[in-house]
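Work through the exercises below with the structure open beside you. Each one sets a task and then gives a solution in steps.

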2 protein chains.
Amino acid sequence: MTQRRGRFPTREELRIWRDFIETTEALRAATAARLLSESGLSTGDYSVLLALSEAENGRLRSSELAATIGWERSRLSHHLGRMDRRGLIRRENCTEDNRGAEAVLTEEGAAAFHRATVPHLRAIRELFVDGLTPAQIRAAGDLAAALRDHLILDREKEENL
Amino acid sequence: MTQRRGRFPTREELRIWRDFIETTEALRAATAARLLSESGLSTGDYSVLLALSEAENGRLRSSELAATIGWERSRLSHHLGRMDRRGLIRRENCTEDNRGAEAVLTEEGAAAFHRATVPHLRAIRELFVDGLTPAQIRAAGDLAAALRDHLILDREKEENL
DNA sequence: CGGAAATGATTGACGTGTCAATTATATTCC
DNA sequence: GGAATATAATTGACACGTCAATCATTTCCG
């Protein structure tokens, strides 16, 4: 086996990179478009509503919510603003810490989430699961794990510069 | 083997779906952030500049360019507007068809592209290639092919409704 | 020829994501 | 106690993507 690390990607590696990144992006876009057209929710909305639905009393501190779904604060803040305007959530001040804010699931938000769930699961099956063999699905899990671990390593290396 | 098609994803399939979609999104974001910080170009800029660099005389009809990189017209139009403002490309009227427009690579655009290439290839190696075994890279290619074919089928089914 | 339809491209509105700056409150520690 | 600092969250500016509407030109065809 020849030395690979430290060199540029080969033509073949580059071809696979492009295929992979473009296809996963297309898959993401297709799922998002289905969710939006079938339920009026964006994937962002869905993540927020899912997290709130699973939270106690349908409410979470902004920072908890951000951590749960892995978003930056400001992204969440902007998004909650839009969801608030649409009546999907409500914002309340946090009693224990006056700096804090809580996002609260509204009835309307809960209803929208419930309407969205079944079609969304169906879309995931149709667009992802049905396109792959069981072995390929396992391979997708392996790939995700390997890439995620590697990304984390890389980020840590960056930070300890 | 039990019947799977037509049912909701299993817990395990759903876990893999989430892992997969989140990780590929994180990978995309990480590569884009590297490219931007190292060269001042977005991945969109890079795609456009790559296509123009490979085109004859560094120029392409808008529609050709859109087809080459697989973008919608309006997306390209907005993007070319931004790149034009930054001096990376120039727009010219098409002589054969007065409706048409051509995007032309400027010296500045070509220079920016050349500065970006090496660091970008390095980032792809570091973030993608180095995180996977050769077998996993092949698996990524297989997955992309399977998902892409399936997405196309699905789109065709949709259109012939 | 001349009007209807098709084609190439742009535009505006709006949701989304990131970054840097800001505001407000809480904590730390001299 | 009170200034320095840290933390929670919001805001503004700007790039990006999508959709529907628009505009100009060309093509089709009666």
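**Exercise 1.** In this predicted model, find what lies 2.8 Å from a polar side-chain atom of Ser74(A), and then describe the protein surface around DNA strand C.

*Solution.* Begin with the side chain of Ser74(A), where a polar atom lies 2.8 Å from a base nitrogen of DNA strand C. Next, turn to chain B, where an N or O atom in the side chain of Arg61(B) is 3.0 Å from a phosphate oxygen of the strand, and a polar side-chain atom of Ser77(B) lies 2.8 Å from a phosphate oxygen of DNA strand C. The elements that give two or more residues to this surface are α4 (73-86) of chain A and, from chain B, α3 (62-69) and α4 (73-85); the most comes from α4(A), with five residues.

Then widen the view to the 21 residues that surround DNA strand C, among which Ser42(A), Ser74(A), Arg82(A), Ser63(B) and His78(B) are the closest. Sorted by class, this surface has one nonpolar, eleven polar and nine charged residues. Finally, consider the strand itself: of its atoms within 4 Å of the protein, 64% belong to sugar or phosphate, while the rest belong to bases.

**Exercise 2.** Describe the surroundings of DNA strand D, starting from the residues that come nearest.

*Solution.* Around DNA strand D there are 21 residues, and those that come nearest are Ser63(A), His78(A), Ser42(B), Arg75(B) and Arg82(B). Of the strand's atoms that come within 4 Å of the protein, sugar and phosphate account for 65%.

Now take individual atom pairs that involve phosphate oxygens of this strand. From chain A, a polar side-chain atom of Arg73(A) lies 3.0 Å from a phosphate oxygen, and an N or O atom in the side chain of Ser77(A) is 2.8 Å from a phosphate oxygen. From chain B, the side chain of Arg75(B) has an N or O atom 2.7 Å from a phosphate oxygen. The elements giving two or more residues here are α3 (62-69) and α4 of chain A, together with α4 of chain B, and the largest share, five residues, comes from α4(B).

**Exercise 3.** Work out which elements of chain A face chain B, and how much area is buried between the two chains.

*Solution.* Start with the count of residues, since the contact takes 50 from chain A and 50 from chain B. The size of an interface is often given as the accessible area lost when the parts come together. Between chain A and chain B the buried area is about 4900 Å², of which carbon and sulfur atoms give 75%.

Continue with the polar pairs: there are two salt bridges between the chains, including one in which Arg148(A) pairs with Asp19(B), with the closest N and O atoms 3.3 Å apart. On the side of chain A that touches chain B, the elements giving two or more residues are α1, α5 (107-127) and α6 (134-159), and α1(A) supplies the largest share, 17 residues. The residues of that side divide into 26 nonpolar, eight polar and 16 charged.

**Exercise 4.** Is Thr24(B) buried or exposed, and which residues of chain A does it touch?

*Solution.* First locate Thr24(B) in helix α1 (residues 11-39) of chain B. Its relative accessible area is 5%, and therefore, with the cut-off for buried at under 20%, Thr24(B) is buried. Leaving out residues up to four places away in sequence, Thr24(B) touches Phe20(A), Ile21(A) and Thr24(A). Within its own chain, a polar atom of the Thr24(B) side chain lies 3.2 Å from the backbone oxygen of Ile21(B).

How values were computed. Residues numbered from 1 in each chain as written. Chains lettered and ligands numbered in written order. Predicted model: local features only at pLDDT ≥ 70, side-chain atom pairs only at ≥ 80, totals over all residues. Heavy atoms only, no water. Near = heavy atom within 4 Å. Polar contact = N/O pair within 3.5 Å; in protein donor to acceptor, adjacent residues only side chain to side chain. Helix = DSSP H or I, 4+ residues; strand = E, 2+ residues; numbered from the N terminus. Nonpolar A, V, L, I, M, F, W, Y, C, P; charged D, E, K, R; others polar. Contact = heavy atoms within 4.5 Å. Buried area = accessible area lost by both parts, 1.4 Å probe. Salt bridge = Lys/Arg side-chain N within 4 Å of Asp/Glu carboxyl O. Buried < 20%, exposed > 50% of the residue type's maximum accessible area, 1.4 Å probe, protein only.
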